[in-house]
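The exercises below are meant to be worked with the sequence and the coordinates open side by side. Try each task before reading its solution.

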Amino acid sequence: MVRVSGIVTGDFQDNDTDAVNNLGGFYVQDESPDADPMSSDGIFVYDGDSPGTNVSVGDRVNVLGAVKEHFGETQISSRVVEVVGSGSIRPMEIRFPADNAVPNSDGDLLADLERFEGMLIRFPQTLSVSNLRDLERFGAIGLSQGGRLFQFTNSNPPDVADYTAHKIDSAQRSIELDDGLRSENPATIRYLNASNVADYSIRAGDSVTDITGNLRYSRGSGGKGNEGWRLMPTEEPRFDSTNPRPDSPSIGGNVRIASFNVLNLFSTLDSGQPVCGPLGNENCRGADSTKDLKRQLAKAASALALMNADIVGLMELENNDSESLQLVVDALNARLASDDYAFVDTGTIHDDAIKTGFVYRKSTMSPRGAYALLDSSVDPRFNDAKNRPALAQTFAVDATGAVLTVIVNHLKSKGSSCEPEGDPNLGDGQGNCNRIRTDAAAAIAAWIASDPTGSNDADFLIIGDLNAYTQEDPLTALTNAGLTNLLEADVNPYSFVFDAQAGALDHAIASESLVPQVVDAIEWHINADEPALLDYNLENGRDPALFDPDSPYRASDHDPVVIGLELTN
């Protein structure tokens, strides 16, 4: 048993008059700091669901209890709490980057803030929103100093030592802002609209300045999230809309092309049974109810209508005969009150659960000739057991007769292991399966040089989810073949946020003859920066009123790429 005395700096008791902050206790801090700057002067006092003594910030208390560790945080489980007076504690000012980074029990690097555990602290710097992944489940937001975080290989060549330094640097300037609750999936999302701006909805890339609270070491609400440092606010944060939502794409040219990963748009509902895929033995990945599917299609159609593209290459469609593409086209045409869009009918493509596909505007474009597929039978460098086959289709502009061949791709992800294929993660920032993606990229470059659709035209546009960031080997293989990355002029382009870091996985790569005809190419940031709780899913007790079928925001997890061409030949 221990006895401590101090000032209450954070009131997070349950079942008191404050329903916003409920952690089952309060933070107490020495009124007179000790002489050791490396030791903390604060601690969390756990007093359960029904505290015997109600405390308030500024109370001077005596606490008797037992010391314990709870998910890595040192706590006092109280037996007796007495309010004996009052006082005040000024928050300790903390500035990033931290002096060091240390691993947690999962091996992930964190800023070394242990000497401030339990204390009332203040970050006077402007911090950027880097991660909204845990906003819905744990009420938490990832923040970073010095701007939002980007993937290392988005702007740096792969390198083991430099990638290690990047991870340390990112950790030294990152922290989680928690909502002060220990319940999962709270009914009210505290920070979703936390701004003084009307109609504000939080986005990655937004910022917050001068936040104050108690520093806690824990996992997410209920102990199920990532282990790390979390700021429990004692003053309400207000976010600045430094990354506002974009309007519909404004791009010139006489032909508009888009690339859009539609996040597992399946016509077959996910019943939990392996009934999807051409062989009927794959798990389904999309909506798990008719209502969810209707919502998913509404979001996709809203985004596609605003893209206003003549040709759209789609990824993560259910790999069935034509049902998934028909659903997309029907939803888009209904949205536009027309029958202007059609799809290229490829049937199933190999045996994966998902496939790529094309939709196009019939009033402006016509497919010319048959589509073509790149798989291992065409080039053994293209591993179609890992990558989805590349799909090429030549289109002609009805008004001018100008011809363009578009190749839509979805290469192997970084998350799945390719060690059995001798392609492990080398720790240089490129993740798993880099050689498999690089070989596929080289095969794609050689394939288009052979004019696979017989277009007799040199204009080729490679689009899709290449699952490789801008400076990685697959992109290098394409540019070394004389192709041009249309987004390379951007500083840190991005279409996806993973592990709190943004990066470009979705690309537009043009042949030499096409480059002079390119007016512009952009990533339309409607998805990656938005919290997932705004998507179509009705899960975890989500409030259905958060969903807006007429809004394109969070139609998927990837941002579309939109390209404007002044196609002349």
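The link of Cys276 and Cys284 is right-handed, with 95 degrees about the S-S bond; like everything that follows, this value comes from a predicted model.

**Exercise 1. The disulfides**

Task: Establish how many disulfides the structure holds, and describe each by its partners, its handedness and its burial.

Solution. Step one is the count, which gives 2 disulfides in the structure. Step two takes the link already introduced, in which Cys276 is joined to Cys284 with an S to S distance of 2.0 Å, a separation that falls within the 2.5 Å cut-off for a disulfide. Cys284 is buried, and Cys276 is buried as well.

Step three turns to the other link, where Cys418 is bonded to Cys433 at an S to S distance of 1.9 Å. Because the torsion about the S-S bond of Cys418 and Cys433 is about 90 degrees, this disulfide is right-handed. Cys418 and Cys433 are 15 residues apart, and both sit in the loop between β22 (403-410) and α5 (434-449). These two cysteines, Cys418 and Cys433, are both buried.

Step four is the connectivity: when the bonded cysteines of the protein are numbered in sequence order, the pairing reads 1-2, 3-4.

**Exercise 2. Strand β22 and its partners**

Task: Work out how β22 is covered, and find which strands pair with β22 and in which sense.

Solution. Begin with burial, where the tally for β22 is 8 buried residues of 8, so that the strand is described as mostly covered, buried meaning under 20% relative accessible area. The side chains can then be sorted by direction: Val403, Thr405, Ile407 and Asn409 point one way from β22, while Leu404, Val406, Val408 and His410 point the other way, and all of them are buried.

Next, consider the pairing. Strands of a sheet pair through backbone hydrogen bonds, in either a parallel or an antiparallel arrangement. Strand β21 (residues 388-397) pairs with β22 in the antiparallel sense over 7 bridges, and within this pairing Leu391 stands opposite Val408. The two strands β21 and β22 form a hairpin with 5 residues between them, and Gly401 in the turn has a positive phi of about 80 degrees.

Strand β23 (residues 460-465), by contrast, pairs with β22 in the parallel sense, over 6 bridges; here the bridge partner of Thr405 is Phe460 in β23.

**Exercise 3. A closed barrel**

Task: Give the strand order of the closed barrel, and characterise the pairing of β1 with β2.

Solution. Tracing the 5 strands of the closed barrel gives the order β1-β2-β3-β5-β4, and the pairing is mixed. From one strand to the next, the twist averages 55 degrees. For the particular pair requested, β1 (residues 2-12) and β2 (residues 25-29) run antiparallel and are joined by 5 bridges; as an example of the register, Ile7 has Gln29 in β2 as its bridge partner.

**Exercise 4. Two single residues**

Task: Decide whether His166 is buried or exposed, and do likewise for Gly369.

Solution. Locate His166 first, which lies in helix α2 (residues 160-172). Its relative accessible area is 16%, and because buried means under 20%, His166 counts as buried. Once neighbours within four places in sequence are left aside, the contacts of His166 are Phe150, Gln151, Phe152 and Gln501.

Gly369, in turn, belongs to strand β20 (residues 365-374). Its relative accessibility is 60%, and because exposed means over 50%, Gly369 counts as exposed. The C-alpha atoms of Gly369 and Gly454 are 7.9 Å apart in space, although the two residues are 85 apart in sequence.

**Exercise 5. The whole chain**

Task: Compare the radius of gyration of the protein with that of a compact globule of 569 residues, then describe the overall make-up.

Solution. A compact globule with 569 residues would have a radius of gyration near 25 Å, and the protein has 27 Å, which agrees. Along the principal axes, the C-alpha atoms fill a box of roughly 85 × 50 × 45 Å. The secondary structure comprises 6 helices and 29 strands.

For the interior, 57% of the 569 residues are buried. Of the contacts between residues at least 6 apart in sequence, 72% join residues at least 24 apart. For the surface, the protein exposes about 22200 Å², of which carbon and sulfur atoms supply 46%.

Conventions: Residues are numbered from 1 along each chain as its sequence is written. This is a predicted model: local features need pLDDT of at least 70, side-chain atom pairs count only at pLDDT 80 or more; totals for chains, interfaces and linings use all residues. Side-chain values use heavy atoms; hydrogens and water are left out. Two strands pair if DSSP finds at least two bridges between them. Helices (H or I, at least four residues) and strands (E, at least two) are DSSP runs, numbered from the N terminus. Axes are lines fitted to C-alpha atoms, for helices over the stretch in contact, and angles run from 0 to 180 degrees between N-to-C directions. The radius of gyration is taken over C-alpha atoms; the globule rule is 2.2 Å times the number of residues to the power 0.38. Buried means under 20% relative accessible area, exposed over 50%, partly exposed in between (1.4 Å probe, protein chains only). Contact means heavy atoms within 4.5 Å. Accessible areas come from the Shrake-Rupley method with a 1.4 Å probe; for residues, only the protein chains shown count as cover.
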